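This report describes selected features of one protein chain, from ring contacts and internal cavities to backbone geometry. The sequence and the structure are shown first.

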Amino acid sequence: MSSGTRCMWMRGGTSKGGFFLAEDLPQEIEARDAMLLRVMGSPDLRQIDGMGGADPLTSKVAVIRPSRREGIDVDYLFLQVFVDRPVVSDSQNCGNMLAGVGPFAIERGLVEARDGETSVSVYMQNTGQVAELRVQTPNRTVTYEGEAQIDGVPGTAAAIPLTFKDTEGATCGALLPTGNAVDQIDGVKVTMIDNGMPVVIIAASEMGITGYEDRAELDANDALKTRLESIRLQAGKLMNLGDVSDKSVPKMSLVASAVNGGCICTRTFIPHRCHASIGVLGAVSVATACALEEGPARELANLPEGDCKILKIEHPSGDTATVLDFDDQGLVVKSALLRTARKLFDGTVYS
């Protein structure tokens, strides 16, 4: 057993994982990944020999370092530690874990807290995007207590607004990597989109389901998951992602008409298990697809008027509200969401 590594475990949004300073981890990628697999207890469906919670949403890592970029406070690298395979992937961002980056950076002394509220600018290394977080810091101390509530998390906590810019095509090189709002794969109409997260959007009815099934039912539907994986592997190449067999992108989002007053209803696979809710940047991509002139999402979406639209993306745990600002050409120029975070422990983790 190692002598241990300094680590803070946090809930960020609807995810949970380990937050590390980059200087505390091995600098060689193979050694780093081997350590993180041991920390999480992967590969093992129960992750019984590690900190992972036997779910992709609780097997995540954030690596933070002071930034050398002008106007940026910290750099954030997100790593998805697979549960059932010895894989650590950096092929995507995680907007939920991002919510914990601001508090962590302040707690570790990388950003000086201000009295009341502290802004933290974050460079997301996975895709080269920048986000701004506003962290509640009364008396220059991070507080996790507050009245903000997000679906998928019990109780309330301090609000952490996240604002994103320049997310269009962050991973795939273009908002619509194929240049089309609608393509066909295996005879199924799809929208392949990247506004912060590469997502393949399909009408649930095209896959023989309603889109309102619960998570357990969808996870047990092997025929559905086989069809989705076939489409995903083909979409990966079309989206400039290459062979995605060992990648966690693109996400697969099955959509249906909203049932609780939102914009659209989703069931998202990440990529092989149904998400308990929806990822932050995945919600932004789905919301953007709803505003296209055509496509599976647009056909089912309930869109409000105005250049600033609040779009509630329904999911198994409730909904995620996204705020999209559009320019005169109808293009998304800014997106924002409300998240919360909570520190769970701060100490030493062993590998």
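## Basis of the description

Helices (H or I, at least four residues) and strands (E, at least two) are DSSP runs, numbered from the N terminus. The model discussed here is predicted.

## Backbone exceptions

Most residues other than glycine have a negative phi, and most peptide bonds are trans. Asn139, although not a glycine, has a positive phi of about 55°. Its place is in the loop between strand 7 (129–137) and strand 8 (160–165). With a relative accessible area of 66%, Asn139 is exposed, because the limit for that class is over 50%. Asn240 is likewise not a glycine and has a positive phi, of about 70°. Asn240 belongs to the loop between helix 4 and strand 12, and its relative accessibility of 52% makes it exposed.

Two cis peptide bonds may be added. One runs from Ser42 to Pro43, with omega near 0°; Pro43 is in the loop between helix 1 (29–40) and strand 3 (60–66). Another runs from Val249 to Pro250, also with omega near 0°. Pro250 lies in the loop between helix 4 (222–238) and strand 12, the loop in which Asn240 is also found.

## Strand 12 and its neighbours

How many of the six residues of strand 12 are buried? Six of the six are, so strand 12 is largely enclosed by the rest of the structure. In a regular strand the side chains alternate between the two faces of the sheet. Here both faces are covered: one side carries Lys251, Ser253 and Val255, the other Met252, Leu254 and Ala256, and all of these residues are buried.

Strand 12 pairs with strand 11 (residues 198–203) in parallel, through five bridges. In this pairing, Val199 has Lys251 as its bridge partner. Strand 12 also pairs with strand 13 (residues 264–269), here in the antiparallel sense and over five bridges. Phe269 in strand 13 stands opposite Met252.

## Cavities

Searching the whole structure yields two cavities of 30 Å³ or more. The largest cavity has a volume of about 180 Å³ and a lining of 22 residues. Nearest its centre are Gln92, Met197, Lys251, His275 and Gly279. Lys251 is thus a residue of this lining as well as a buried residue of strand 12.

Which elements each supply at least two residues of the lining of the largest cavity? They are helix 2, strand 12 (251–256) and helix 5 (280–290). Helix 5 provides the largest share, four residues. By class, the lining of the largest cavity comprises nine nonpolar, eleven polar and two charged residues.

The second largest cavity has a volume of about 30 Å³. Its lining includes Arg11, Ala148, Gln149, Ile150, Val153 and Pro154. Gly155, Thr156, Ala157 and Thr340 also line the second largest cavity. Five of its lining residues are nonpolar, four are polar and one is charged.

## Aromatic pairs

A pair of aromatic rings is described by the distance of the centres and the angle of the planes. The count comes to two aromatic pairs. Trp9 and Phe345 form a stacked pair, at 6.0 Å centre to centre and with 10° between the planes. This pair links distant parts of the chain, with Trp9 in strand 1 (residues 5–12) and Phe345 in strand 17 (residues 341–349), 336 residues apart. Trp9 is buried, with a relative accessible area of 4%, whereas Phe345 is partly exposed at 29%.

Why is the pair of Phe19 and Phe104 classed as tilted? Their planes lie at 40°, with the ring centres 5.8 Å apart; planes under 30 degrees apart would count as stacked and over 60 as edge-to-face, so the remaining class applies. The pair of Phe19 and Phe104 also links distant parts of the chain: Phe19 is in strand 2 (residues 15–21) and Phe104 in helix 2 (residues 95–107), 85 residues apart. Both Phe19 and Phe104 are buried.

## Charges over rings

Two contacts between a charged side chain and a ring complete the description. Arg69 lies over the face of Tyr123, 3.6 Å from the ring centre. Lys309 has its charged end over the ring of Phe326, at 5.6 Å from the centre.

Methods. Residues are numbered from 1 along each chain as its sequence is written. This is a predicted model: local features need pLDDT of at least 70, side-chain atom pairs count only at pLDDT 80 or more; totals for chains, interfaces and linings use all residues. Side-chain values use heavy atoms; hydrogens and water are left out. Rings of Phe, Tyr and Trp (its six-membered ring) pair if their centres lie within 6.5 Å; planes under 30 degrees apart count as stacked, over 60 as edge-to-face and the rest as tilted. Buried means under 20% relative accessible area, exposed over 50%, partly exposed in between (1.4 Å probe, protein chains only). A charge sits over a ring if NZ of Lys or CZ of Arg is within 6 Å of the ring centre and within 35 degrees of the ring normal. On a 1 Å grid over the protein atoms alone, a cavity is a set of points where a 1.4 Å probe fits but cannot get out, and a pocket is an open set with protein on both sides within 12 Å along at least five of seven lines; lining residues have an atom within 4 Å of a point. Grid points are joined across faces, edges and corners, and a volume is the space filled by probe spheres set on the points. Ala, Val, Leu, Ile, Met, Phe, Trp, Tyr, Cys and Pro count as nonpolar, Asp, Glu, Lys and Arg as charged, and the others, Gly among them, as polar. Two strands pair if DSSP finds at least two bridges between them.
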